[in-house]
Amino acid sequence: MAHFEKSNGIVDWLDQRLAIKKFMQVMMTQYWIPKKINFLWAMGVILLTMFAILFITGLLLVMYYKPDVALAFDSVNKTIMQEVEYGWLWRHMHGVAASVVFLVMYIHLLTGIYYGSYKKGREIIWISGMVLFVLFSAEAFSGYMLPWGQMSYWAAMVITNLFGGIPFIGPELVEWIRGDYAVGDATLNRFFMLHVCLLPIVVIAFVAIHFYALRFPHVNNEIAEEIDFDLEAEKYLAGKKKEAKVISFWPDFLCKDIFYVCLFMIFYFYLVCFHYDFAMDPINFEPANALKTPPHIYPEWYFLWSYEILRGFSYEVGLACFGIAQVIFFVLPFLDRSNVVAPAHKRGAFFVWFWLLVIDMIVLTIYGKLPPVGINNTIATIASVTFLALLIVVLPVITLMERKAK
Amino acid sequence: MASRRSFMGFTLGAAAAVGGVFTLVGMKKTWDPLPSVKAAGFTTVDLSPLADGELRTVEWRKKPIFILKKSSDMEQSNTDIIAGDARYTVVIGLCTHLGCIPAYHSADKEFVCACHGGKFNVSGKNMSGPPPKPLEIPPFSIDGTKLVLGEIGKEYEEIMKNVGKA
Ligand code: FES
């Protein structure tokens, strides 16, 4: 058996058993962050905060929620909203957080693209981040179903129907996923299981992988400078804090992050208190009805762009393009053929490409919400083709040219 | 020694693989629809009270079923169901695009899906918009003027032969 000394206090006692001092060094005090980074790098910590809020409010909600088609609607709209003390607050916090978490995620994602943080050495960070995005999408969707309102029901109907487009096994697969001939009790319960158990566990695992992956190539910076972290850390530890290009995550860096988290919280609670309804579709306050479709079905704002790509083409082609749009960002590190790591404004054509992509996604989002009639359909098709072309054709070409120019 | 070790490893791997396959089969079956769900899959509808040109919606396996008694001025189709001396359109009322319920516009004699603007004619054939195929025909059998949904009768098999040739 290993040798244990008589400890001189609780910290030492724990340190001998769990090596907490070493752990703190790796996670906090000797985890090095470049100095030259701006507020866009605070999104990670904001996301972590949002996730914690979602988790805690979710625990409170699940104590009263009933996953049963006969009870679900009332358990949310009556019990939680009117009877449970502060139930309305937890619900609105949960709903708003679920929505703004996507806003922050999109900013986080676009920051990564703008500064080239997905490139050489950081591919795993990027890919694990994209996995998290997909997991969050599944989490958001399965949660959206639970109140069992009209939009919940029909969203579930449409999304499960998408699997029917898979060749050969489609129709059987749809029935199997639903556990019934149509979306029903079995479907609600399995989505409940996904939302409160399986997906959160997987999300937490991937958050851990995402953070772990960050420890090796380290975080990128505003000017995409390649930093020798060991060297700079030495300077920092030797007391030349001014000279060193890095600072420690804790306590130096986190104060700045916490400041941005506070700013964000003002925005978040403003929404929770005054505009909680922006995350709640009015149609969803009508109980689910299997025999009546709402006149116009659309997803929450954060899925509109990919929904619009689905609608932009005829059925099979739309389904295929939708599938591609879901996974295309995963392979971004491999579509970008240039090995220049630099912010977009130093890369000319890439800069133009970046903003075209952003504008195109905004157009897709706006038109995704509009009913698919007349000119809207044409715009949908053009914007969808543009989106795919930008990623599959234009990006590799631009970056190939960049490589040649060097 | 080494071969004994590898033999143990091999046995362990094989046992795990067999166990894994059985587990997967069990899990797949857990997700299948329950027997009670499957048993409730039959619905009988009496067609005689329908008036010419009238649309009736009934529920079968939680899906809406459109039953339209065709009036003489409506297009005849080889997918029509003939019971007694009348022709009916019997289709699952879910758009073949993404599963919304189309509404019947009796003036224009068409089913219009509001979701993405799909249109079907009185026989359930897709005319325009994104729906890739006609409205589906549920399995049925005919017993006098009664329609039994969920049971495969010879009339159904007859019609399914026509589908695609239409
Ligand atoms: S679901 Fe009917 S047109 Fe799309």
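## Salt bridges, cores and two elements of a predicted model

A:K119, A:D336, A:R347 and A:E402 are linked in a network of salt bridges. The model described here is a predicted one. Over all chains, the count of salt bridges comes to 17. Side chains of opposite charge can pair when their charged atoms come close. Three pairs are listed below.

| Salt bridge | N to O distance | Relative accessibility of the Lys | Relative accessibility of the acidic residue |
|---|---|---|---|
| B:K62 with A:D180 | 2.5 Å | B:K62, 33% | A:D180, 4% |
| A:K292 with A:E286 | 3.2 Å | A:K292, 42% | A:E286, 35% |
| B:K109 with B:D73 | 3.5 Å | B:K109, 30% | B:D73, 55% |

The pair of B:K62 and A:D180 joins two chains, because B:K62 lies in the loop between β2 (55-60) and β3 of chain B and A:D180 in the loop between α8 (170-178) and α9 (185-214) of chain A. With its 33%, B:K62 counts as partly exposed, whereas A:D180 counts as buried.

The pair of B:K109 and B:D73 belongs to chain B. B:K109 is in the loop between β6 (103-105) and β7 (110-113), and B:D73 is in the loop between β3 and β4, so the salt bridge ties together parts that are 36 residues apart in sequence. Here B:K109 is partly exposed and B:D73 is exposed. In the pair of A:K292 and A:E286, A:K292 counts as partly exposed, and A:E286 is partly exposed as well.

### Nonpolar cores

In soluble globular proteins, nonpolar side chains tend to be buried together. The largest nonpolar core of this model has 88 residues. Those with the most contacts inside this core are A:M50, A:F102, A:I113, A:Y268, A:F329, A:W353 and A:F387. Helix α5 (residues 87-114) of chain A gives the largest share of the core, 13 residues. Another core, of 65 residues, lies apart from it and includes B:V58, B:C95, B:F120 and B:V122.

Leaving aside residues up to four places away in sequence, A:F387 touches A:W305, A:I309, A:A325, A:I328, A:F329, A:L357, A:D360, A:M361 and A:L364. Among these contacts, A:L357, A:D360, A:M361 and A:L364 are also buried residues of helix α15 of chain A.

### Helix α15 of chain A

Helix α15 (residues 349-369) has 21 residues. From its first C-alpha to its last, α15(A) reaches 31 Å, close to the 30 Å expected at 1.5 Å a residue. The buried residues of α15(A) are A:F350, A:W353, A:F354, A:L357, A:V358, A:D360, A:M361, A:L364 and A:G368. Seen down the helix axis, the buried residues of α15(A) fall within an arc of 165°, so they line one face of the helix. An α-helix has 3.6 residues a turn, so residues three or four places apart point the same way. The buried residues of α15(A) pack against α5, α12 (304-311) and α16 (375-405) of chain A.

### Strand β5 of chain B

Strand β5 (residues 86-92) of chain B is mostly covered, with six of its seven residues buried. β5(B) pairs with β3 (residues 63-69) of chain B in the antiparallel sense over five bridges. In that pairing, B:L68 stands opposite B:T89. β5(B) also pairs in the antiparallel sense with β4 (residues 81-83) of chain B, over three bridges. There, B:Y88 is the bridge partner of B:I81. β4(B) and β5(B) form a hairpin with two residues between them. In the turn, B:G84 has a positive phi of about 65°.

Note on methods. Residues are numbered from 1 along each chain as its sequence is written. Chains are lettered from A and ligands numbered from 1 in the order in which they are written. This is a predicted model: local features need pLDDT of at least 70, side-chain atom pairs count only at pLDDT 80 or more; totals for chains, interfaces and linings use all residues. Side-chain values use heavy atoms; hydrogens and water are left out. Buried means under 20% relative accessible area, exposed over 50%, partly exposed in between (1.4 Å probe, protein chains only). Helices (H or I, at least four residues) and strands (E, at least two) are DSSP runs, numbered from the N terminus. Two strands pair if DSSP finds at least two bridges between them. A nonpolar core is a set of buried Ala, Val, Leu, Ile, Met, Phe, Trp, Tyr and Cys residues joined through side-chain atoms within 4.5 Å. Contact means heavy atoms within 4.5 Å. A salt bridge is a side-chain nitrogen of Lys or Arg within 4 Å of a carboxyl oxygen of Asp or Glu. The expected span of a helix is 1.5 Å times one less than its number of residues. The arc is that of the directions from the helix axis to the C-beta atoms.
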